[in-house]
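Dear colleague,

Please find below the structure that I am handing over to you. A short account of what was found in it follows.

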Amino acid sequence: MKSFLHDSFARYDVVKMLETAPDVIAVNVVQTPTDSTGNPVDGSRGATLHVIAGQVDGWRIAAGQNTAVAPQAV
């Protein structure tokens, strides 16, 4: 089954990490659209927040928020 995101690619770059409690880390990430080889392309960008929690079997994403970011005027 193909979805509308079938040929969509993105790079996620960590901007900041903050330990909010023991074994809980808030991670700010910038989302940049790319082509299939990883080169940046025009398209919607995003600012993502992941809350990562340490579990017995490893780290897991406990919560996430993705916000669209308007392109900057040059």
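To begin with the strands of this predicted model: β1, covering residues 9-21, and β2, covering residues 24-34, run antiparallel and are joined by 11 bridges. Within this pairing, E19 stands opposite I25, a residue of β2. The two strands form a hairpin with two residues between them, and D23 adopts a positive phi near 65° there.

I turn next to the charged side chains. Searching the whole structure yields two salt bridges.

One of these links R11 with D13, where the closest N and O atoms lie 2.9 Å apart. Both of these residues belong to the range of β1, which spans residues 9-21. R11 has a relative accessibility of 33% and is therefore classed as partly exposed. D13 is likewise partly exposed, because its relative accessible area is 33%.

The other salt bridge brings together the side chains of D57 and R60, with an N to O distance of 3.1 Å. D57 counts as exposed, since its relative accessibility is 56% and the class begins over 50%. R60, in contrast, has a relative accessible area of 42%, so this residue is partly exposed.

When you view the model, you may wish to start at the hairpin of β1 and β2 and then proceed to the salt bridge between D57 and R60.

Yours sincerely

Methods
Residues are numbered from 1 along each chain as its sequence is written. This is a predicted model: local features need pLDDT of at least 70, side-chain atom pairs count only at pLDDT 80 or more; totals for chains, interfaces and linings use all residues. Side-chain values use heavy atoms; hydrogens and water are left out. Two strands pair if DSSP finds at least two bridges between them. Helices (H or I, at least four residues) and strands (E, at least two) are DSSP runs, numbered from the N terminus. A salt bridge is a side-chain nitrogen of Lys or Arg within 4 Å of a carboxyl oxygen of Asp or Glu. Buried means under 20% relative accessible area, exposed over 50%, partly exposed in between (1.4 Å probe, protein chains only).
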